[in-house]
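Please open the structure in your viewer, and keep the selection tool at hand while you read. Each stop of this tour says what to select and what you will find there.

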Amino acid sequence: MGDLDPRVLFDVVDLMGVLANGVLGGAVARHLKFDLVGFTVLAVVSGLGGGMLRDVLLQVGFPVALTNSAYLSTAIAGAVIAFFLHLRGKWTNRVLIVADALSLGCWAATGTSKALAAGLNWLPAIMIGVITAVGGGMIRDIAVGQVPRVFGGNTLYATGALIGSLEMAVLYSLDLPNWGMAAAILTSATVTVVARRRGWRLPGAGEWDVRFPRPDWPPARFRRGRRKP
């Protein structure tokens, strides 16, 4: 047990996230009554879009999703599962939520570490981490004509990816990338799952506006340049 390479566990979480997001992409396709082609496209985009976008931005060669057949196969498996099985029920939903939450931190940390290894500074590296984590879902939503869900109105998701990216950036600088990956996975998953359960979300426009001057200012007795008796 002590000889277990933590990277193996991270790879398992990574592929689990690809499968879960493939199924979630298929769920969108089922809601829109797509055929198997639509299921496959949305599953691949959901599960692999963020990582492919990351690798294109970093210009580090072919995207990993194209060089490692396990990724594409897993995403397609998610499409097939969603196409033939109408996954419903409380426990099925919970499993998909947890798997997606775990992969969120894994992808955020992977994107951040790859960006740092490519020579980027910490701020753009964190941006790449967040893009890796939420990019697939954003592309999926745009593909079906929807406003990406991470833009607001939903419980914390991109925030969890941001926290995971920050943790990886700090621990990577301390030469502790494995600890950064573990911390990002656990923290991001916890934030995402708890936020979903409790309904936590960031305030939208108009929900925390501070208008100045206030509409009732100045008080009526000071208006028109004189004070009322």
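Begin by selecting helices α1 and α8, which cross each other in a left-handed sense. In this predicted model, α1 covers residues 6-31 and α8 covers residues 177-198, and the two pack at an angle of about 35° with their axes 11 Å apart. If you now show side chains, the contact is formed by P6, R7, F10 and V13 on the α1 side, and by N178, M181, A182 and I185 on the α8 side. By type, these contact residues divide into six that are nonpolar, one that is polar and one that is charged.

Next, keep M181 selected and add L48 and A133, since these three touch the most other members of the largest nonpolar core, a set of 21 residues. Which elements give two or more residues to this core? They are α1, α2 (36-58), α4 (69-84), α5 (90-117), α6 (122-143), α7 and α8, and the largest share, five residues, comes from α5. Centre the view on L48 and look for its contacts with V18, A65, Y71, L72 and A75, a list that leaves out residues up to four places away in sequence. Apart from this core there is another one, of twelve residues, and you can locate it by selecting A43, A79, A82 and V144, which are among them.

Now return to helix α8 and select S188, which has its place there. Is S188 buried or exposed? With a relative accessible area of 0%, S188 is buried, because buried means under 20%. Around S188, not counting residues up to four places away in sequence, you will find A101, L104, G105, G160, A161, G164 and A183 touching it. Zoom in on G160 in particular, where the backbone oxygen lies 2.7 Å from a polar atom of the S188 side chain.

For the last stop, select I163, which sits in helix α7, made of residues 158-173. Its relative accessibility is 28%, so I163 counts as partly exposed. Once neighbours within four places in sequence are set aside, I163 is in contact with T187 and V191. Finally, add A108 to the selection and draw a line between the C-alpha atoms of A108 and I163: the two residues are 55 residues apart in sequence, and 8.7 Å apart in space.

Definitions and conventions: Residues are numbered from 1 along each chain as its sequence is written. This is a predicted model: local features need pLDDT of at least 70, side-chain atom pairs count only at pLDDT 80 or more; totals for chains, interfaces and linings use all residues. Side-chain values use heavy atoms; hydrogens and water are left out. Helices (H or I, at least four residues) and strands (E, at least two) are DSSP runs, numbered from the N terminus. Buried means under 20% relative accessible area, exposed over 50%, partly exposed in between (1.4 Å probe, protein chains only). Contact means heavy atoms within 4.5 Å. Axes are lines fitted to C-alpha atoms, for helices over the stretch in contact, and angles run from 0 to 180 degrees between N-to-C directions. A crossing is left-handed if the near helix is turned anticlockwise from the far one by less than a right angle, and right-handed if clockwise. Ala, Val, Leu, Ile, Met, Phe, Trp, Tyr, Cys and Pro count as nonpolar, Asp, Glu, Lys and Arg as charged, and the others, Gly among them, as polar. A nonpolar core is a set of buried Ala, Val, Leu, Ile, Met, Phe, Trp, Tyr and Cys residues joined through side-chain atoms within 4.5 Å. A polar contact is a pair of N or O atoms within 3.5 Å; within protein, one must be able to donate a hydrogen and the other to accept it, and residues adjacent in sequence count only if both atoms are side-chain atoms.
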